[in-house]
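Q: Please take a close look at the sheet of this structure and at the residues that surround it. A connected account, for use at the bench, would be appreciated.

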Amino acid sequence: MIKIGIAGVPSQQILDAHIGDGSDVVDLDMPMDGVEYFDAIEGLSPRVYCATLRTIMVNALVLKPEIIIADVGEGKCDGMRFIA
């Protein structure tokens, strides 16, 4: 089983190319219980990043997905390009 992180709203074509049977897909945009978001990445991201971008970054660091599929276009702000 491969762990895949999703950030934003990637196109269906991209999702279909990477997600198959047995994939464990996690939404990196959503806060998860027991994770200290803002303290966990102190010094790793600019303070000007919004809570959503910081959440994505911490979830990626904690969950360690093998693939991250991130929408860096209209579905997220330009800051997502830098996190990606």
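**The sheet and its surroundings**

A: In this predicted model, strand β1, spanning residues 3–7, pairs with β2 in the parallel sense, and four bridges join the two. Within this pairing, I6 lies opposite D27 of β2. The sheet to which these strands belong is open and has three strands, ordered β2-β1-β3, with parallel pairing. Its edges are formed by β2 (24–27) and β3 (67–70), each of which pairs on one side only. From one strand to the next, the twist averages 25°. As a general matter, strands of a sheet pair through backbone hydrogen bonds, in either a parallel or an antiparallel manner.

V26 deserves separate attention. Apart from its neighbours within four places in sequence, V26 is in contact with I4, G5 and I6, and also with M32 and L63. V26 also belongs to the largest nonpolar core, a set of eight residues. The other members of that core are A7, L28, Y49, L53, I56, A60 and M80. Helix α3, which covers residues 51–63, gives the most to this core, with three residues.

A polar residue completes the picture. D71 is located in the loop between β3 and α4 (79–83). Its relative accessibility is 11%, and D71 therefore counts as buried, the cut-off being under 20%. The side chain of D71 reaches the backbone nitrogen of V9 at 3.5 Å.

Definitions and conventions
Residues numbered from 1 in each chain as written. Predicted model: local features only at pLDDT ≥ 70, side-chain atom pairs only at ≥ 80, totals over all residues. Heavy atoms only, no water. Pairing = 2+ DSSP bridges. Axes fitted to C-alpha atoms, helices over the stretch in contact; angles between N-to-C directions. Core = buried A, V, L, I, M, F, W, Y, C linked by side-chain atoms within 4.5 Å. Buried < 20%, exposed > 50% of the residue type's maximum accessible area, 1.4 Å probe, protein only. Contact = heavy atoms within 4.5 Å. Polar contact = N/O pair within 3.5 Å; in protein donor to acceptor, adjacent residues only side chain to side chain.
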